[in-house]
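Me: I've got a chain open on my screen and I'd like to talk it through with you. Can we go question by question?

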Amino acid sequence: MCKGLKRFLVFAILISCTATQAESLTQVIKGRIVDEQTRAGLIGANVVIVGSDRGAATDLDGKFRIANVPVGRHTIKVMYMGYKSRIIPEILVGSAKEVELIVALEEEILQGEEIVVTPTIDKNRSLNTLAAVSARSFSVEETQRYAGGFDDPARLASSFAGVTFGNAQDNAIIVRGNAPKGLLWRLEGIEIDNPNHFPDGNVLGGGMFTIFSSQLLTNSDFMTGAFPAEYGNALSGVFDMKLRNGNSDRREWTVQTGLMGMDFSTEGPITKQSNASYLVNYRYSTIGMLIDLGVIDTDQKLNYQDLCFKINVPTKKAGTFSLWGIGSSDRPADTEEPDSSKWEHDWDRLRYTAAFGVGAAGLNHRIILGRSTYINSTFALSANTVSNDLYRLADDLTLYQNEWVKSTSGKAVLTSTVNHKFGSRLSTSTGFVWNHLFYDLNLQSTVNDVQETFQTFVDEKGNSRHLQLFSQAQFGITPNLKVNAGLHAEYFLLNKNLSLEPRVGLNWNPHPRHTLGFGYGLHSQLENIRYYLAKRETDHGVETPNRNLNFTRAHHLILAYDFQIDMNTRLKIEPYYQYLFDVPVRPNDSFSFVNLKDERYFNDPLVNEGTGTNAGIDLTLEKFLSHQTYYLITASLFDSKYTGGDGIRRNSRYNRGLVVNALLGREFTVKKKSILGVNWRLTYMGGERTSPVLRDASLAAKRVILDETQAFEEKLDASTYLDLTITYRINQRQTSHVIALQIKNLLASANDHGTVYNFREQDLKRDKMVIVLPSISYKVEF
């Protein structure tokens, strides 16, 4: 590790020595100032760089441009008569790429000046996102700067209060004690399936890292409960991702190589005569390439790649059209160990060849009607494919089929939202989402790896529909008191189930530095389509016992207190309570969907009679980047319980009890042109719950058998991780170099995975795996 750090420093110094010394490096900050509700451009808004004489006023379209801005960090202030001023602190200005901002201003109900501090660059947020009580916006730069982020939004989210993860090799997001499957992923306003490389590999809802390249994302939103009426089909949280537009004035390129992959990105104007732009990024697996070349000696294959693009075409009268798409392809494979004397764990007996594909593409249209209304509409297609051919060596060393999967599922989506502003007090948002679901599933597997139990769990081809409707209004009762109320409705045509879900949020500012919030919402979620279509043989023939499963539902109740300690520091306290009901459970058994982790195939009859509770308090103390220093300290104290089909109340699998994150970062300016950043993150997580092991039965079967009559009565060991990120940005004329060293689990702490059967020792052993993820990357922008 020390040698790697020395090489990193030597490489950084060599590049730094080539930097331009004589001239002052400058760049352009440009963008658009819009009304928060209508998205209409604000004419004549003043945009200034704090502490300098540089600034600009917006034109007829709300656009501005500030040239000759020195490289480094700058704070922007935006002012407009009748609107609350907004400060955007510590924007990073590099020498290679122009900085583009979209800043939304809130109209004042009464005259007066009020400064609103935002920790991240504004993006095109909807009225509904702004209404969320429990929400956190984050910037792309944070995924690159924060330790443990690994340029992955999902891993960055684990720094936020109320969020935990499984282990270092998986990015599954566990929100407030809920299973990872409860999270809603959205891209450009469209619900998409699990957008991870090697999706659901270890945990349903997780993967190795997301298929979103940080080169293409703009600021996005993460919500952990009581989300507004726009969002449906989610139980635990919402990850609302946005793609930025390409630079419409000049062409720019980015090339990055590192352990996690090689990225190639380009953007620029489509024609010089229009404001249309394109943005494309392609990434390929560095690890997979090194394995193929024989540099890494292993029988395992780990190839992956992804592509993402966005084409943005504004018109003078017909609105703005954008075409976007994202897709990934993963090809993992491994071979079995033929010598049984070398077996240690069960995976030594496995041979598999798998393929995963995730894709989505959409055409979006946004148009502003007058000064008070805008309509946002999208038609999109999304799909995922899974192929898995898995064999297992029997005790007599014969191979038998253990799993065979060929599945394709997806949806065609049509959605439209009408936003209207009646005045400074009242704004509304109303829309629909029409999902045409399609599927072609063939899922075959053994039960508990027993050869004689190999069977078909799902063999269905068909389609169905899922309709969502929503409407909500935001009303300013006084300048300091706002209420957001709405209704979301869902209808699943496959089994004709309906869910009506009221939502309400309240924000009160009794003092400029103090904000009190309240949020309530009824939320529901469909399960994966394979669970509805699972079939089983009975005396009456083949049946699909779970076809009529209802939505899983949950009441969310949140209180929030936000104290703006100073212009750059805030304290947030959020107590919450969630009551889950209509949870699928197995009758007279401890099994519940509340605890889903990797249970993919089963056809036992289920009933919507389970319940669950998640209660806790989230604490956040955050200092946004100022004076070259920043920190984020979060703590979550919670209790998660559930009741299965046997009517017994128990701890849930994800009841870790306590999670604490402490993140500290410092930047150093080098020769007024370059920036060295150092960031540490320390994480403590209480252990997951597990069930006691039936020792004699496990030894006889040579596999772990749990006592499910005492489900989750034991707790795995707690985990402590230390992550490190060091970045060095070197600015040259029209070129920037970024060298990064990222290490996850620097202290090589073990993660308790529970009990496994050890073939070499023919005994049960605790599987305490140590995973250290180091990555050195180099990026050049020009």
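Reply: Sure, and one term up front: helices and strands here are DSSP runs, with at least four residues for a helix and at least two for a strand, numbered from the N terminus. Also, keep in mind that this is a predicted model.

Me: Where is Gln762, then?
Reply: Strand E42 covers 750-758 and strand E43 covers 763-770. Gln762 belongs to neither, as its place is in the loop between strand E42 and strand E43.

Me: Is Gln762 buried or exposed?
Reply: Exposed means over 50% relative accessible area. Gln762 comes in at 60%, so it counts as exposed.

Me: What is phi of Gln762?
Reply: Most residues other than glycine have a negative phi. Gln762 isn't a glycine, yet its phi is positive, near 50°.

Me: What about Asn233, is it buried or exposed?
Reply: Asn233 also has a positive phi, about 60°, although it is not a glycine. Its place is in the loop between strand E14 (220-225) and E15. The cut-off for buried is under 20% relative accessible area. Asn233 has 8%, so Asn233 is buried.

Me: How many helices and strands does the chain have?
Reply: Strands are a big part of the story, so let's count both kinds. The secondary structure comes to 7 helices and 44 strands.

Me: What is the radius of gyration of the chain?
Reply: The C-alpha atoms fill a box of roughly 80 × 60 × 45 Å along the principal axes. A compact globule with 782 residues would have a radius of gyration near 28 Å. The chain agrees with that, at 26 Å.

Me: What share of the residues is buried?
Reply: On the outside, the accessible surface comes to about 31300 Å², with 57% of it belonging to carbon and sulfur atoms. For the inside, count residues under 20% relative accessible area. Of the 782 residues, buried ones make up 56%.

Me: Which residues have the most contacts inside the largest nonpolar core?
Reply: In soluble globular proteins, nonpolar side chains tend to be buried together. Here the largest nonpolar core has 36 residues. Elements that each supply at least two of its residues include helix H4 (153-157), strand E15 (237-241) and strand E34 (629-643). The residues with the most contacts inside this core are Ile173, Trp185, Phe222 and Phe239.

Me: And how many residues does the second core have?
Reply: This one is separate, and it includes Phe492, Phe551, Ala554 and Phe593. The second core has 31 residues.

Me: Is Arg155 buried or exposed?
Reply: Arg155 has its place in helix H4. Leaving out residues up to four places away in sequence, Arg155 touches Asp170, Arg681 and Lys744, among others. Its relative accessible area is 7%, and under 20% is what counts, so Arg155 is buried.

Me: How far apart in space are Ser674 and Ser775?
Reply: Ser674 is in strand E37 (residues 674-685), and it is buried at 3% relative accessible area. Its contacts beyond four places in sequence include Phe668, Tyr728 and Ile730. Ser775 is 101 residues away in sequence, and from C-alpha to C-alpha the two are apart by 21 Å.

Me: Last one: how far apart are the centres of the positive and negative side chains?
Reply: There are 83 positive and 85 negative side chains in the chain. The centres of the two sets lie apart by 7 Å.

Terms used
Residues are numbered from 1 along each chain as its sequence is written. This is a predicted model: local features need pLDDT of at least 70, side-chain atom pairs count only at pLDDT 80 or more; totals for chains, interfaces and linings use all residues. Side-chain values use heavy atoms; hydrogens and water are left out. A nonpolar core is a set of buried Ala, Val, Leu, Ile, Met, Phe, Trp, Tyr and Cys residues joined through side-chain atoms within 4.5 Å. Buried means under 20% relative accessible area, exposed over 50%, partly exposed in between (1.4 Å probe, protein chains only). The radius of gyration is taken over C-alpha atoms; the globule rule is 2.2 Å times the number of residues to the power 0.38. Accessible areas come from the Shrake-Rupley method with a 1.4 Å probe; for residues, only the protein chains shown count as cover. Lys and Arg count as positive and Asp and Glu as negative; His and the chain ends are not counted. The place of a charge is taken as NZ of Lys, CZ of Arg, CG of Asp or CD of Glu. Contact means heavy atoms within 4.5 Å.
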